[in-house]
Each structure stands twice: as structure tokens, then as C-alpha cells.
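This report describes selected local features of one protein chain and its ligand. Please keep the sequence and the structure in view while reading.

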Amino acid sequence: MNYISTRGGVKGKKTSAYVIKQGLADDGGLYVPEQIPALSEVEMCALSKMNYIQKASYILGLFLTDYTEEELNSAAAAAYGSRKFPSLPVGLSQVNGDFILELWHGPTSAFKDMALQIMPHLLSLALKKTGEDKNALILVATSGDTGKAALEGYADADRVSIQVFYPIEGVSGIQKKQMACQRGKNVMVTAIKGNFDDAQSGVKEIFADRDTEALLSEKGLFLSSANSINWGRLAPQIVYYISAYCELMRLKRIKYGDLVNVTVPTGNFGNILACYIAKKMGVPIGKIICASNSNNVLTDFLNTGVYDKRRTFYTTISPSMDILISSNLERLLFMTAGAKRCSSYMKNLSEKGFFEVDNDVIEVIRADICGFYCGEENTKSTIASYFNKYNYLPDTHTAVALFCAGEYKKKSGDDSVMLIASTASPYKFAPAVLTSLGAAGQENDFEAIRKLNEISGIKIPTRLAALESKKPRFNTVIEKSDMKREVLRFASEQSKS
Ligand SMILES: *Cc1c(COP(=O)(O)O)cnc(C)c1O
């Protein structure tokens, strides 16, 4: 299996190890597989008898053909074993006739663990397989979930170090503490005085800076990224949609061929694109519902064919979906419009702030994907009604998806089986969940977690419960203008060890 750029400007055939090491393509595009492998009914039946680790290594093997079976087996076992996921890697709950796919039973209680637990193993192997003599330094700017999940995934990974920058005022108290207490010899966490955009543009500048590249190279390091434009983060997400369909077959809730609709709470379009790829592999998925919060740029795009980022940015109680540029949409545009048109859409987006796709493109997209959104009040009332009516407590992101799934059913009359991706533990966003239940007082984050536990009786994830009494290890706060110096300082420290 070879990989090509969504903008068609990369010559030669690239292996999966190469693209995982590289991240972004040199022409500014994203890497995609040259063709989508097919999964037959026989394979799906065989998969439904396997455990998650076996399913992951089989499915990844269809895409990462330059990795050996042994390499993928051991990567999947290290990522999804009971040390990282004490319960099963994914949970499936039936609520009000729908199935909720819980993707947050990993070490940081958010769905990003599903990809970030295995990606470091894939990167370490990629360095070996491509004959790279330098080690990787991963730089991350985070507004919360990604930073902690990446730190936890990369901690003590072979030949890789990771440095995370977060805005001092821009992350929740729980998220700050989670990052400040990170273990590992190869990790660094730094707060910057500024907002998320400052952190992100600081990191982007460092990536583009040739002097820094040369200085790092002298220390035997090169920069790499862990965000969802990297194919190594996307591929592992395909697994759980296939796994969920197999699990519904195993439980005899469906038979092979029955269409299952899927609703995905969406920000950067990574998770939902993985579902789309599963469908293109032949998994009998019906409609894919793209659920957005008040930042409904994707809903408008799916309804009108116009993607326009020139709009108000809302800060919501589902912060991981507060995004106006959904990077992975580029992969969908490539798959439906081809490299030439995809490049021109992306050029318009960066130069004019919007693009409009051709009619044939939006028609093809609409055959598979439709968009709905959920505002703040509906997010809160969905949390309250799921808890009061069904005794199920969703987090704020999952609530957006639950509401949109309901809207889709009302509008379409489609009563196929519905699978809803649940992306975070309610405890990770405890203050907002408490407010939605009408039970918030003056609690700090940890008090909110305890109060939510008293009300719901749901077990607090062990690591979140243990966090309150932990001593922070990192407390550096710097000016945003000092980020480059901080990267070089950490790089010196890492090149010695
Ligand atoms: C990152 C995230 C999302 C959005 O996923 P994308 O792949 O960026 O669309 C949704 N919910 C939670 C809790 C997240 O952390």
C-alpha cells in the first residue's frame, strides 16, 4: 500500500512508515492511502470472533503493509492491553434503543487515547524502518485533551521526546493538573502567557524555522507532530468502527449487511473521517451524521456546499469541538473531488477564508454524510434528560452527538440501528455536566468530580481520582516569545540522555 498527497504534488511512492514519520506532505497536503482496502463478509465474521488487539493488528495490517504482522501485534498489545485499558478498550451501551460506543476508557479518559496509545509505537518503528538516524522531538500546542493524551502515549517511547505547550488561561483545572503531573524521562510541559492561538502559532513558527531545524539536527533530533493530520493517528481510529459493527453482529443485534447509522461529535473531522473510511472499506454503514456544536461550519458546509470560516468563534462547554478549520475535511475532499479540485478549494480557504465545492462533489458527500448541530442550551438539556430518563450520564461532547442523532431521526424518519460515538468521560468535564444537571455550586474541579459521583454513583476513573493529591512535576510558565529558546533547552537535555 502506497500513500499519496491530497494535493497531488508529492512524487514517488511513499510507504506508511515514511508518512507516519513525516506527518504533513511536502506540498502542504495530507497523506492518504492510494486505494481503500476492501473487507469481505467472511473477514467481518472472522473479526467478530477476535479480541480488540487482534482486530486492531489485522485492520492496521491492511493499511500499514510495510509493517510486519509481529510488529503490529506487539504495538496493538502494548497500546490496548489491560495496563492501559483496565476494562475493555471500547464500551458499548444500549440507551433508548441506540448504541453508545464509549471510546474513553483509556489513561486520560478521552477518546484521543485510542489513537495516541498506539501511534508512538508506530513512530518508533517507523524510525527504524526508514533508516532514520536522528530521534524525533514531538511538539504539541494544546487547548486540553490532545496534550495530555499525547504525553501519556509518548512517555518513555523509544527514540522520541515530547514537549507540550499550553495557554496558562486556556485549559481547565483538571487538564492543567493532568499535564503538570505527567511521568516519563522524555517529556516536558510548559505553560505560556497567552491564549491557544499564541501557543499554536508559536509551535508553527518553530516548525517553519530553518535555524532551529539546523540546531536540532546538530543535537541528533528532528521535529515531528502528533496531531490528527498524521496518518498514524487516523488509521487506528478506523478500527473501532469496524469493531463496533462486528460486536453488534456478535451480540446478534444485527446480521451482516444490516445498515447501521453512526453519529460522530466532530471538531477536526478526524474521528468521522475514520468512520467514512470504514464505510468505504465495505462495512455496512448507512448514514454518517456529523454532529457539531455552535461552531457549526461543517453543518453549513454539508447543507450548502460552501465552507466559510469567516464567522464568530464560540467558546462552548464542548471545547474539543470549538474549531473553525477542520483539517481532515481535506482528506474527504480529495476522496470525492480528486487532487486538483481539492488543492484549489484549500487555496481558496487560505487566501479568501472560504470555498465552494462543485455540485457533483457535495451530492456524492451527501449520499454518505449529513450535518446537524446542537447549541449550548440543547447540550445541557440533553445531559439532564439522558440522566433523568435513562440513568445514562454523557459528557458535553457526547451530548452534542446524542442530540444530533435525535434530530437526524426526526427529520429523516430513518429507524435503522444508530451507533453514537462517545468521546469523553463525564468526569473530564465535571463542572459543565454538574451545571447541566442544575446541581452546580461553588465547587472547584475536584469537588465537582466528587459531587457528580455522589449524584450519579458512576465510578470515578482511577487516574482522575488519584490526581488531586498528586504533586505537580512541571510548573514552568514562560513568555510566548521564549518558546523557541525553551525547545532548544529541552532538546539539549534530551540529546544528552
Ligand atoms: C478531539 C475531540 C473531539 C473531536 O474529534 P475530531 O477527530 O477532532 O473531530 C470530540 N470530543 C472530544 C472529547 C475530543 O477530545
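## Loops, helices and a ligand site

Asn 96 is placed in the loop between β3 (91–95) and β4 (98–102); helices (H or I, at least four residues) and strands (E, at least two) are DSSP runs, numbered from the N terminus. The model is a predicted one, in which local features need pLDDT of at least 70 and side-chain atom pairs count only at pLDDT 80 or more, while totals for chains, interfaces and linings use all residues. Residues are numbered from 1 along each chain as its sequence is written, and side-chain values use heavy atoms, with hydrogens and water left out.

The phi of Asn 96 is near 55 degrees, a positive value in a residue other than glycine. Most residues other than glycine have a negative phi. Asn 391, in the loop between α16 (376–390) and α17 (396–412), also has a positive phi, near 55 degrees.

How accessible are these residues and two others? Buried means under 20% relative accessible area, exposed over 50%, and partly exposed in between (1.4 Å probe, protein chains only).

| Residue | Relative accessible area | Class |
|---|---|---|
| Asn 96 | 45% | partly exposed |
| Asn 391 | 58% | exposed |
| His 121 | 29% | partly exposed |
| Ile 138 | 0% | buried |

His 121 lies in helix α6 (residues 119–129). Its C-alpha atom is separated by 14 Å from that of Asp 66, and the two residues are 55 apart along the chain. Ile 138 belongs to strand β5 (residues 135–141). Between the C-alpha atoms of Ile 138 and Leu 151, 13 residues apart along the chain, the separation is 9.7 Å.

Two helices may be examined in terms of their span. The expected span of a helix is 1.5 Å times one less than its number of residues. Helix α3 (residues 52–63) has twelve residues and should therefore span 16 Å; its end C-alpha atoms are 17 Å apart, which agrees. Asn 51 caps the N-terminal end of α3, with a side-chain oxygen 3.1 Å from the backbone nitrogen of Ile 53. Among the buried residues of α3 are Tyr 52, Ile 59 and Phe 63.

Helix α14 (residues 329–352) has 24 residues, yet its end C-alpha atoms are only 17 Å apart, short of the 34 Å that a straight helix would reach. A kink of about 125 degrees is centred on Gly 338 in α14; the bend at a residue is the angle between axes fitted to the seven residues ending there and the seven starting there. Buried residues of α14 include Leu 329, Phe 334, Cys 342 and Leu 349. Just after α14, Gly 353 takes a positive phi of about 85 degrees.

Which residues are the closest to the ligand? They are Lys 112, Asp 145, Gly 267, Asn 268 and Thr 423, out of 15 that surround the ligand, where a residue is near if one of its heavy atoms lies within 4 Å. By class, this shell has five nonpolar, eight polar and two charged residues. A polar side-chain atom of Lys 112 lies 2.5 Å from an oxygen atom of the ligand. Polar backbone atoms also approach ligand oxygen atoms, at 3.3 Å for Gly 270 and 2.9 Å for Asn 271. The protein covers 97% of the 380 Å² of accessible area that the ligand has on its own, by the Shrake-Rupley method with a 1.4 Å probe.

Methods: A polar contact is a pair of N or O atoms within 3.5 Å; within protein, one must be able to donate a hydrogen and the other to accept it, and residues adjacent in sequence count only if both atoms are side-chain atoms. Ala, Val, Leu, Ile, Met, Phe, Trp, Tyr, Cys and Pro count as nonpolar, Asp, Glu, Lys and Arg as charged, and the others, Gly among them, as polar.
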